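Subject: Structure for your files

Hello,

Here is the structure you were expecting, with the sequence alongside. My notes on what was found follow below it.

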Amino acid sequence: MEIPMATRTDSWSRFLTPTLALLWLACIPATALSRTLWTTNYGVDSSTCGYGSYPCRSISQAMDNADAGDAIWVGAGRYGDLNGDGDFDDPGDEHASVINGEIGCVVCITKALRVYSANGAEMTTIEVNALTTGSIVSISSSRVYFGALGHGFTLTGVKANGLTIQLSRRYFSFSKPGEVIINVVDNIALNDTVGFSVNGPEWCSIRCSVRPNLVGQILFSTNQAIGNDVGFSVAANTYGGLGTIVLRDNLALGSGTGFLITSGYKGDYFQLADGAFMAELTHNTASHGKVGFVTALARVVQDNVASGNSQVGFMLVPGDNKDTAFRRNSAIGNAGPGAIVATLDRQPRRALFRNNFFGNDRDRPSLSLSQLLEPLPPTSPPTNLNAGPSARCGVLNVGLVPSNPYYA
């Protein structure tokens, strides 16, 4: 299928040379002492590649040779498992991380780097057809930029996640309020299991002596998730600090669930800490999938569009004790209700105003809350609550449902 692009590079830039691309560096965030390394399809991996006329072949080798704060520019072409044999032992293959015999990540970003394609996602693909678990790209460091407007990547594989941000106390304890600690911009996740995902800090009990202090911002902007089981997934987990995960101007097309915002696993303590990592969704679109948005842990849901989905546009399941604003969103032409609203027994408040619901609930399928909340953890699922026959509802209020810690 043709990949729709929000932005396309001019034709001349498809033949970009390292010299011409240097003209763009003034527009890309940099530090005073940062260097620029290069990866191209004609490069050769070595411990000294990446500089001048000696580019690397793999993104991984350039990252190994780079220092924190450096920029890596990737030329047009294909990266990953180059011959598709299922291993990463061949010259030019990415340096995949293998954990207990399973591939954890293929391009593993473990230090503060800025990784950009020279020619954009349409021309630059990281493809791993043999990958059945893990992620094509994994980010486990702060101050990482992956892609920029016109300089992103296409991530595609069979039953693998496209890009995963795995937060950890070890890596993310020094961010400042309002600081963008990770920036993921203008990438395409194509036919993956989960296109883009964020997993909050590993669970830490209330008795932990050291807790993460995540006060920065993680930004996903102008990315496209096409044909994935889940387009964008945020699992905040617990005790995440005062940070915010911002999803802005992204597209989920043909996904089982376009945007899935949940609290994730929380160990033995089921209440989120005050000020735990929250998500903000603005100007996103979920179209022609099953469920557009599930917003179980979102602080702001504003100016989003859910259209042409086969089950429901928005699933509003409050999951915290804070007020959540749901405003100026549009649900248009969904087969089920424009929005299904459920209230947990903790009675959080949700303000709905200035939303647009049109042409929804024409042919409502048989729905239940447990079905709509999949693929969350299956332990102790909530009561199956049938949404009832079609009533051409813009907003369907299913009322109070039992609080469940795994779905809160």
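Please keep in mind throughout that this is a predicted model. I start with the cysteines, then go on to the strands, a few loop residues and the charged pairs.

Cysteines

Both C105 and C108 are buried. These two cysteines form a disulfide with their sulfur atoms 2.0 Å apart. The torsion about their S-S bond is about 115°, so this disulfide is right-handed.

In total the structure holds 2 disulfides. The other link joins C49 to C56, with an S to S distance of 1.9 Å. It is right-handed as well, with 95° about the S-S bond, and both C49 and C56 are buried.

One further cysteine to note is C393, with a relative accessible area of 18%. Buried means under 20% relative accessible area, so C393 counts as buried.

Strands

An open sheet of 10 strands, paired in parallel, runs in the order β3-β7-β10-β13-β16-β19-β22-β25-β28-β31. Its edge strands are β3 (77-80) and β31 (356-358), each of which pairs on one side only. From one strand to the next, the twist averages 10°.

Within that order, β13 (residues 188-190) and β16 (residues 224-226) are parallel and share 3 bridges. As an example of the register, L190 has I226 in β16 as its bridge partner.

Strand β18 (residues 244-248) is worth a look too. It is mostly covered, with 4 of its 5 residues buried. β18 has parallel pairing with β15 (residues 217-221) through 5 bridges, and I218 is the bridge partner of I245 in β18. β18 also pairs with β21 (residues 278-282), again in the parallel sense and over 5 bridges. There, R248 stands opposite T282 in β21.

As background, strands of a sheet pair through backbone hydrogen bonds, either parallel or antiparallel.

Loop residues

T222 lies in the loop between β15 and β16. Its phi is near 55°, a positive value in a residue other than glycine. The relative accessibility of T222 is 15%, so it counts as buried.

R328 likewise has a positive phi, of about 55°, although it is not a glycine. This arginine sits in the loop between β27 (324-327) and β28 (330-332). At 38% relative accessibility, R328 counts as partly exposed. R328 comes up again below.

N309 is found in the loop between β25 (305-307) and β26 (312-316). It is buried, with a relative accessible area of 2%. Which residues is N309 in contact with, leaving aside its neighbours within four places in sequence? The list includes the run A286, S287, H288, G289, K290, V291 and G292. It also includes G333, N334 and A335.

Charged pairs

The structure holds 4 salt bridges. Three of them are described here, along with a small network.

D67 forms a salt bridge with R35, and the closest N and O atoms are 3.0 Å apart. The pair links distant parts of the chain, 32 residues apart: D67 is in the loop between α2 (59-65) and β2 (71-74), and R35 is in the loop between α1 (18-21) and β1 (36-39). Both ends are partly exposed, D67 with a relative accessible area of 45% and R35 at 32% relative accessibility.

R78 forms a salt bridge with E127, with 3.1 Å between the closest N and O atoms. R78 lies in strand β3 and E127 in strand β7 (residues 124-128), so the pair ties together parts that are 49 residues apart in sequence. R78 is partly exposed, with a relative accessible area of 27%.

R328, the loop residue with positive phi, forms a salt bridge with D303, the closest N and O atoms being 2.9 Å apart. D303 lies in the loop between β24 (298-302) and β25, and R328 in the loop between β27 and β28, so this salt bridge ties together parts that are 25 residues apart in sequence. R328 is partly exposed at 38%, whereas D303 is buried, with a relative accessible area of 18%.

Finally, R35, D67 and D70 are joined into one network by salt bridges that share partners.

Regards

Terms used
Residues numbered from 1 in each chain as written. Predicted model: local features only at pLDDT ≥ 70, side-chain atom pairs only at ≥ 80, totals over all residues. Heavy atoms only, no water. Disulfide = S-S within 2.5 Å. Buried < 20%, exposed > 50% of the residue type's maximum accessible area, 1.4 Å probe, protein only. Helix = DSSP H or I, 4+ residues; strand = E, 2+ residues; numbered from the N terminus. Pairing = 2+ DSSP bridges. Axes fitted to C-alpha atoms, helices over the stretch in contact; angles between N-to-C directions. Contact = heavy atoms within 4.5 Å. Salt bridge = Lys/Arg side-chain N within 4 Å of Asp/Glu carboxyl O.
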